Amino acid sequence: MSIPPSTAAHLPLPQWAYVPGETAEAVADHNTLWQAKALVPSRFRDFVPARHPALRYGIALNDAGYFWESQEILEAVWAAAPQGGRERILLRACIQIASANLRLRMLKPHAAARLLGEALGELDTLAARKATMPGDGFADGFPTAALAALLRTKLAQPLLSKADWVEIGAIGR
């Protein structure tokens, strides 16, 4: 599931990608992220719609290399997702992938591998919990099996040095 650029066209990309600890002066572009967070309701009723603009923006941020920012938006959507819902499981996996990508950028491949393993566990849990009926929820049409296969391939690679791993990048492709 690739996120079409027009879906979140009215939401600008942050002015820079925040990487904790990279520079003492750099802070996240909170003003830009607030615009997306403002779109998230206090609670989603039955599921998180696959086409919700904040959700799509959060995934698009990861795919564009804004990993910390992606986590921030996806965590806001996760917090509003129905307790025990399939979308909540998938969102946790997406948050862990964005966090793993950030750790890779920070040259912390072991932390990234741990997070990717946790994300894979979430995807396996989601695969075991089949939807009762297909719907418009985020987890209903997401290519979970393809993403799990990508993570398995990535995790099968040895961690020889910090430079050996590259970011997973796209969640939704």
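Q: What makes E122 and R92 a salt bridge?
A: In this predicted model, the closest N and O atoms of E122 and R92 are 3.0 Å apart. The cut-off is a side-chain nitrogen of Lys or Arg within 4 Å of a carboxyl oxygen of Asp or Glu, so the pair of E122 and R92 counts as a salt bridge.

Q: What does the pair of E122 and R92 tie together?
A: E122 belongs to helix α5 and R92 to helix α4, so the salt bridge links parts that are 30 residues apart in sequence.

Q: Why is E122 called buried, and why is R92 called partly exposed?
A: Buried means under 20% relative accessible area, and partly exposed runs from there up to 50%. E122 has 15%, so E122 is buried. R92 has 29%, so R92 is partly exposed.

Q: How do you know that α4 and α5 are roughly antiparallel?
A: The axes of α4 (residues 86-105) and α5 (residues 109-128) cross at roughly 165°, and they come within 8 Å. Angles over 145 degrees count as roughly antiparallel, and therefore α4 and α5 are given that name. Their crossing is left-handed.

Q: Which residues of α4 and α5 meet?
A: On the α4 side they include R86, I89, L90, R92, A93 and Q96, and on the α5 side they include P109, A111, A112, L115, E118 and E122. By class, this contact has 14 nonpolar, 3 polar and 5 charged residues.

Q: What makes α5 and α6 roughly antiparallel?
A: The axes of α5 and α6 (residues 144-156) come within 10 Å and cross at roughly 150°. That angle is set against the cut-off of 145 degrees, over which helices count as roughly antiparallel, so α5 and α6 earn the term. The contact is made by residues that include L116, L120 and L123 of α5 together with L147, L151 and L155 of α6. Its residues divide into 10 nonpolar, 2 polar and 3 charged.

Q: How do you know that α3 is roughly antiparallel to α4?
A: The axes of α3 (residues 67-80) and α4 cross at roughly 165° and come within 9 Å. With the cut-off at over 145 degrees, α3 is therefore roughly antiparallel to α4. Among the residues in this contact are W68, L74 and W78 of α3, along with L91, I95 and L102 of α4. The classes here are 11 nonpolar, 4 polar and 5 charged. The crossing of α3 and α4 is left-handed.

Q: What makes R86 and D140 a salt bridge?
A: Their closest N and O atoms are 3.1 Å apart, and the limit is 4 Å, so R86 and D140 qualify. R86 lies in helix α4 and D140 in the loop between α5 and α6, so this pair ties together parts that are 54 residues apart in sequence.

Q: Why does R86 count as buried while D140 counts as partly exposed?
A: R86 has 16% relative accessibility, under the 20% limit, so R86 is buried. D140 has 31%, between 20% and 50%, so D140 is partly exposed.

Q: What makes K37 and E72 a salt bridge, and how many salt bridges are found in the whole structure?
A: The N to O distance between the side chains of K37 and E72 is 3.0 Å; the limit is 4 Å, so the pair counts. K37 lies in helix α1 (residues 30-37) and E72 in helix α3, so the salt bridge joins parts that are 35 residues apart in sequence. K37 is partly exposed at 31% relative accessible area. A search of the whole structure finds 5 salt bridges.

Q: Why is A139 called buried, and where does A139 lie?
A: A139 has a relative accessible area of 3%, under the 20% limit, so A139 is buried. A139 is placed in the loop between α5 and α6. Leaving out residues up to four places away in sequence, A139 touches R86, E87, L90 and L126. The C-alpha atoms of A139 and E87 are 5.1 Å apart, although the two residues are 52 residues apart in sequence.

Q: What makes E69 buried?
A: E69, in helix α3, has a relative accessible area of 0%, under the 20% limit, so E69 is buried. Beyond its neighbours within four places in sequence, E69 is in contact with P14, W16, A17, Y18, L33 and L61.

Notes:
Residues are numbered from 1 along each chain as its sequence is written. This is a predicted model: local features need pLDDT of at least 70, side-chain atom pairs count only at pLDDT 80 or more; totals for chains, interfaces and linings use all residues. Side-chain values use heavy atoms; hydrogens and water are left out. Axes are lines fitted to C-alpha atoms, for helices over the stretch in contact, and angles run from 0 to 180 degrees between N-to-C directions. Helices (H or I, at least four residues) and strands (E, at least two) are DSSP runs, numbered from the N terminus. Angles under 35 degrees count as roughly parallel, over 145 as roughly antiparallel, 65 to 115 as roughly perpendicular and the rest as oblique. A crossing is left-handed if the near helix is turned anticlockwise from the far one by less than a right angle, and right-handed if clockwise. Contact means heavy atoms within 4.5 Å. Ala, Val, Leu, Ile, Met, Phe, Trp, Tyr, Cys and Pro count as nonpolar, Asp, Glu, Lys and Arg as charged, and the others, Gly among them, as polar. Buried means under 20% relative accessible area, exposed over 50%, partly exposed in between (1.4 Å probe, protein chains only).
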